Amino acid sequence: GLLVQPEGKSLRSLMAEKLGCDPMRITKKFTGASRLGKKVYKPIDTKSNPNACALIRNAVEQLRVYEERFRARQEIDHKNRQSLANQVLIDESNAWASDLL
């Protein structure tokens, strides 16, 4: 795929940054045959590839859409966890109140 990233940045650190997790989590997921190793980003040579600019624009737009979906899903999950925690507190409070009666 195509990435917009500073030259020399490792794929592991990029993925961890984008996913908002510790880089070790990425290392644990990609082991064995699918390991990331020491892969680093190297920019595409736009002079030798005339389609490179169009490919980069398309990839950037697609990545933006995926990131928006990912962030929206994170927000939904966060709200669901908060709602569940609030319901547990209400249930515990009601159980405590009924024990007093």
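**Exercise 1. Work out the order of the elements in the protein, and count the helices and strands.**

Solution. Start at the N terminus of this predicted model: reading on from there, the elements go α-α-α. Now do the tally: the protein has three helices and zero strands.

**Exercise 2. Find which helix has the lowest mean pLDDT and which has the highest.**

Solution. First, the overall picture: the average pLDDT of the protein is 79, and 85% of the residues score at least 70. Next, go through the elements. Helix 2, residues 23-29, sits at the bottom with a mean of 82, while helix 3, residues 52-100, comes out highest at 84.

**Exercise 3. Classify Cys21 and Cys53 by burial, then give the number of disulfides.**

Solution. Take Cys21 to begin with. Its relative accessibility is 17%, and the cut-off for buried is under 20%, so Cys21 counts as buried. Now Cys53: its relative accessible area is 41%. Exposed would need over 50%, so Cys53 ends up partly exposed. Last step, the bonds. A disulfide covalently links the sulfur atoms of two cysteines. The structure holds zero of them.

**Exercise 4. Describe the burial, surface and contacts of the whole protein.**

Solution. Burial goes first: 9% of the 101 residues count as buried. Then the surface: the accessible area of the protein is about 8500 Å², and carbon and sulfur atoms own 57% of that. Finally, contacts. Take those in the protein with a separation of 6 or more; residues 24 or more positions apart make up 52% of them.

Methods:
Residues numbered from 1 in each chain as written. Predicted model: local features only at pLDDT ≥ 70, side-chain atom pairs only at ≥ 80, totals over all residues. Heavy atoms only, no water. pLDDT = per-residue confidence, 0-100. Helix = DSSP H or I, 4+ residues; strand = E, 2+ residues; numbered from the N terminus. Disulfide = S-S within 2.5 Å. Buried < 20%, exposed > 50% of the residue type's maximum accessible area, 1.4 Å probe, protein only. Contact = heavy atoms within 4.5 Å. Areas by Shrake-Rupley, 256 points an atom, 1.4 Å probe, with all protein chains shown as cover.
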